[in-house]
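I wanted to get to know this fold before going back to the bench. These are my notes from going through it.

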Amino acid sequence: VLVTGADGFVGHHLVRRLLHAGHEVIGGRRPGGDEEPLRDPTLAGTRWMPLELADSQSVRGFCEHAADAVVHLAAVSSTPEALADPAGAWEINLMGVVRLLGALAERRATGSADPAVLLVSSAEVYGRADARLRREDDPLAPRSPYAASKAAAEVAGLEVWRRTGLR
């Protein structure tokens, strides 16, 4: 399983569960990121790889590894950070997905890999939080660069699936 953002909060927990279930995990992490997850003994066995979503070569190199599944967690993941740098949020949250899915679709087209891909988004794509549970068919109503870039990434994922068959 390829996991982008494997050194983040959610990624750290997901990698631990995947390893415990017997999966081989290649964890993508931003160069210069937090080193703590690399020293965590519960993540021993993870093969760590640099991954910079703003760099097409880095993304292609990461996707060169044969995998049955890809879980995409890496993102500019906080609304304040995205508000401070909207262009950076769009670059990573949307264009990073476009690069990742493009590289995976290329590998699928050549017959070298056909992984299932999980793009992780956010409830913020639906707008203001309220007491009711959200459904995937609720209308999109993003209210920040973070939420809008995550909604756009969902649309990009749908388009790539329809055009290429990438699962």
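Below are my entries on the sheet, two residues I picked out, and the empty spaces.

**Entry 1: the sheet**

I kept in mind that this is a predicted model. I started with the strands and found an open sheet of 5, ordered β3-β2-β1-β4-β5 and paired in parallel. The edges are β3 (47-50) and β5 (116-119), and each of these has a partner on one side only. From one strand to the next, the twist averages 20°.

I then went through some of the pairings. On one side, β2 (residues 26-29) runs parallel to β3 over 4 bridges, and I noted Arg29 opposite Pro50 in β3. Next I checked β1 against β4 (residues 69-72), which pair in parallel over 3 bridges. There, Val3 sits opposite Val71 in β4. Going on to β4 and β5, I counted 4 bridges, again in the parallel sense. His72 stands opposite Leu119 in β5.

**Entry 2: a helix on the sheet**

Which strands does α3 touch? I found that helix α3 (residues 56-63) packs on the sheet and touches β1 (2-4), β2 and β3. The direction of α3 makes about 150° with that of β1.

**Entry 3: Thr4**

I picked Thr4, which lies in β1. Is Thr4 buried or exposed? Its relative accessibility is 0%, so I put it down as buried. What does the Thr4 side chain join in a polar contact? The partner is the side chain of His72, at 2.7 Å. I also listed what Thr4 touches, skipping neighbours within four places in sequence: Gly28, Leu51, Phe62, Val71, His72, Leu73, Ala74 and Leu100.

**Entry 4: Ile92**

My other pick was Ile92, in helix α5 (residues 86-109). Why do I call Ile92 buried? The relative accessibility is 11%, and the cut-off for buried is under 20%. Beyond four places in sequence, Ile92 is in contact with Glu52, Leu53, Ala54, Ala75, Val76 and Val97. I also looked up Val15, which is 77 residues from Ile92 along the chain; their C-alpha atoms are 21 Å apart.

**Entry 5: the largest pocket**

Next I went looking for open space. The largest pocket holds about 640 Å³. I found 25 residues lining it, and those closest to its centre are Gly5, Leu73, Ala74, Ala75 and Ser77. Ala75 is thus on two of my lists, since it also contacts Ile92. Which elements supply at least two residues of the pocket lining? I noted α1 (9-20), β2 and α6 (145-164). The largest share, 3 residues, is from α1.

**Entry 6: the cavity**

How many cavities of 30 Å³ or more are there in the whole structure? My search turned up 1. About 50 Å³ of space lies in it. I wrote down the lining as His72, Asn93, Val97, Leu119, Val120, Ser121, Lys150, Ala153 and Glu154. Two or more of these residues come from α5, and likewise from α6. With 3 residues, α6 gives the largest share.

I marked His72 for a second look. His72 lines this cavity, stands opposite Leu119 in β5, and makes the polar contact with Thr4. Leu119 is in the cavity lining as well. I also ringed Val97, which lines the cavity and is among the contacts of Ile92.

Definitions and conventions:
Residues numbered from 1 in each chain as written. Predicted model: local features only at pLDDT ≥ 70, side-chain atom pairs only at ≥ 80, totals over all residues. Heavy atoms only, no water. Pairing = 2+ DSSP bridges. Axes fitted to C-alpha atoms, helices over the stretch in contact; angles between N-to-C directions. Contact = heavy atoms within 4.5 Å. Buried < 20%, exposed > 50% of the residue type's maximum accessible area, 1.4 Å probe, protein only. Polar contact = N/O pair within 3.5 Å; in protein donor to acceptor, adjacent residues only side chain to side chain. 1 Å grid on protein atoms, 1.4 Å probe; cavity = no way out; pocket = protein on both sides within 12 Å on 5 of 7 lines; lining within 4 Å. Points joined across faces, edges and corners; volume = space filled by probe spheres on them.
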